[in-house]
Amino acid sequence: MNPGLTRRVVLCGLAATLLPTVGFAQDAGGTVVVYTPSPAQAVEAATDSLRQLEPNISLSTITGGSGQLLRRLEAEAAAPQADLFWSSSENTLGGFREMFEPYRSTQLDAIPEALHHPEDLWTATFSHVVVAMVNTDQLGDIPAPTKWEDFLDPAWKGKLAIADPNNSSTAYTILWGIDQLMGPEALEKLAQNVTVNSSASSILRGVAQGEFVAGLTFEANAYAYVAGGQSEIALVYPEEGTFASTEFMALVKGAPNPELAQRTMDAILSKETQVALLESTFRRPSRSDIVVGDHADLPAIEDIKVFPTDETEAAAGRDAFLARWQGYLQSAN
């Protein structure tokens, strides 16, 4: 495990409370259509858990980048095809709030109030930590990175990758966080070194296969390769501090099957499903009654220096930020 895992944390804690398992009705069923940028392993784990909790409901999933899927929801607004959107950060969802219907999940009491949406437009599913995923076999003469500032060195030009923030809420969260932590000058320097790929998944594959030396991503996505046996993959939690982002699930406004969608949301937010997702995909649950270390070899959040980002501010400034980032990229090229 990377030695950066022992660093101190600044993050609002998720207080542990023990809540009873909630039973799920198993009456009328049908198919729930879910638009999701979640990886196949997460969809599979959720589907398997749903079979136990709601055996009369089946999932039909449409996958893609979060921005791509949200724009599809927008295009379908007059005749919605999806029931649920699962999931994206608030900084991205905030630009599409008209696409969602308020719903207060039966599981909400297990989620810290700080993560509740005041209008229940979306509900927290996971908390993510931003890391650098590094292929140590590809470092060559480049010193192993330990902080964000390292990636601003011209030696990293063409060796560092990130997804397109127009399509990936992961990438948007990372770039917004760097801008907030280090300022526009650092972000502009980063743009001179980084290679932008179309999707978040392509960054992971590129680093794992040695196409890139490092990629900026979420902890859970990168750790899957470590757990899969790739000992050359290291996770770097930058010394200056990194960022946390919460992902949310939302009920689509005008959903074809709203009652089934609500039951599906409750099942995915249940302790059973959240544990299954943690064990199979290493996502930190939004629930406060699950101890991460009991189910996955990940550091306690208290051992990482983390700066939460203002998701509301990030959502409001999205268009201006993306335009500024695009300008940096154009200048770099």
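## Side-chain contacts and backbone features in a predicted model

Ser 87 is found in strand S3, which covers residues 84–89. The structure described here is a predicted model, and this report moves from a backbone feature in that strand to aromatic rings, charged pairs, one helix and a serine in a loop. The peptide bond that joins Trp 86 and Ser 87 is cis, with an omega of about 0°.

### Two residues with positive phi

Asp 120, which is not a glycine, has a positive phi, near 55°, and its place is in the loop between S4 and S5. With a relative accessible area of 17%, Asp 120 is buried, because buried means a relative accessible area under 20%. Phe 282 is likewise a residue other than glycine with a positive phi, in this case about 65°. Phe 282 belongs to the loop between helix H9 (271–281) and S11, and with a relative accessible area of 12% it is buried.

### Aromatic rings

A pair of aromatic rings is described by the distance of the centres and the angle of the planes. Across the whole structure, a search finds nine aromatic pairs. One of them is formed by Phe 151 and Trp 156, whose rings lie 4.9 Å apart from centre to centre with 65° between the planes, an edge-to-face arrangement. Phe 151 is buried, at a relative accessible area of 1%, and Trp 156 is buried as well, at 2%.

The rings of Tyr 172 and Phe 321 also form a pair, with centres 5.5 Å apart; their planes stand at 80°, so this pair is edge-to-face, since an angle over 60 degrees counts as such. The pair links distant parts of the chain, as Tyr 172 is in helix H4 (residues 169–182) and Phe 321 is in helix H11 (residues 318–332), 149 residues apart. Both Tyr 172 and Phe 321 are buried. The ring of Tyr 172 has a charged neighbour too, for the charged end of Arg 318 sits over it, 4.7 Å from its centre.

Elsewhere, the charged end of Arg 283 sits over the ring of Phe 126, at 5.7 Å from the ring centre. Phe 85, Phe 100 and Trp 122 form one aromatic cluster.

### Salt bridges

A search of the whole structure finds ten salt bridges, and the table gives the N to O distances for some of them.

| Salt bridge | N to O distance |
|---|---|
| Glu 119 and Arg 97 | 3.1 Å |
| Lys 189 and Glu 185 | 4.0 Å |
| Glu 219 and Arg 284 | 2.8 Å |

How are Glu 119 and Arg 97 placed along the chain? Glu 119 is in the loop between strand S4 (100–101) and strand S5 (123–135), whereas Arg 97 is in the loop between helix H3 (90–93) and S4, so that the pair, 22 residues apart, links distant parts of the chain. Glu 119 counts as partly exposed at 45% relative accessibility, and Arg 97 counts as partly exposed at 31%.

The salt bridge of Lys 189 and Glu 185 lies within a helix: both residues are in H5 (residues 184–193), four residues apart, which is about one turn of the helix. Lys 189 is partly exposed at 37% relative accessibility, while Glu 185 is exposed, with a relative accessible area of 57%.

Glu 219 and Arg 284 again join distant parts of the chain, with Glu 219 in helix H7 (residues 219–227) and Arg 284 in strand S11 (residues 284–285), 65 residues apart. Glu 219 counts as buried at 1% relative accessibility, and Arg 284 counts as buried at 5%.

### Helix H8

Helix H8 (residues 258–269) has twelve residues, which at 1.5 Å a residue should span 16 Å; the C-alpha atoms at its ends are 16 Å apart, in agreement with that value. H8 is mostly covered, with nine of its twelve residues buried. Among the buried residues are Arg 263, Thr 264 and Asp 266, together with others including Leu 260, Met 265 and Ile 268.

### The surroundings of Ser 168

Ser 168 is located in the loop between strand S6 (160–163) and H4. Is Ser 168 buried or exposed? Its relative accessible area is 6%, and Ser 168 is therefore buried. A polar atom of the Ser 168 side chain lies 3.1 Å from the backbone nitrogen of Ala 171. Leaving aside residues up to four places away in sequence, Ser 168 touches Ser 66, Ala 163 and Ala 200.

Terms used. Residues are numbered from 1 along each chain as its sequence is written. This is a predicted model: local features need pLDDT of at least 70, side-chain atom pairs count only at pLDDT 80 or more; totals for chains, interfaces and linings use all residues. Side-chain values use heavy atoms; hydrogens and water are left out. Rings of Phe, Tyr and Trp (its six-membered ring) pair if their centres lie within 6.5 Å; planes under 30 degrees apart count as stacked, over 60 as edge-to-face and the rest as tilted. Buried means under 20% relative accessible area, exposed over 50%, partly exposed in between (1.4 Å probe, protein chains only). A charge sits over a ring if NZ of Lys or CZ of Arg is within 6 Å of the ring centre and within 35 degrees of the ring normal. A salt bridge is a side-chain nitrogen of Lys or Arg within 4 Å of a carboxyl oxygen of Asp or Glu. The expected span of a helix is 1.5 Å times one less than its number of residues. A polar contact is a pair of N or O atoms within 3.5 Å; within protein, one must be able to donate a hydrogen and the other to accept it, and residues adjacent in sequence count only if both atoms are side-chain atoms. Contact means heavy atoms within 4.5 Å.
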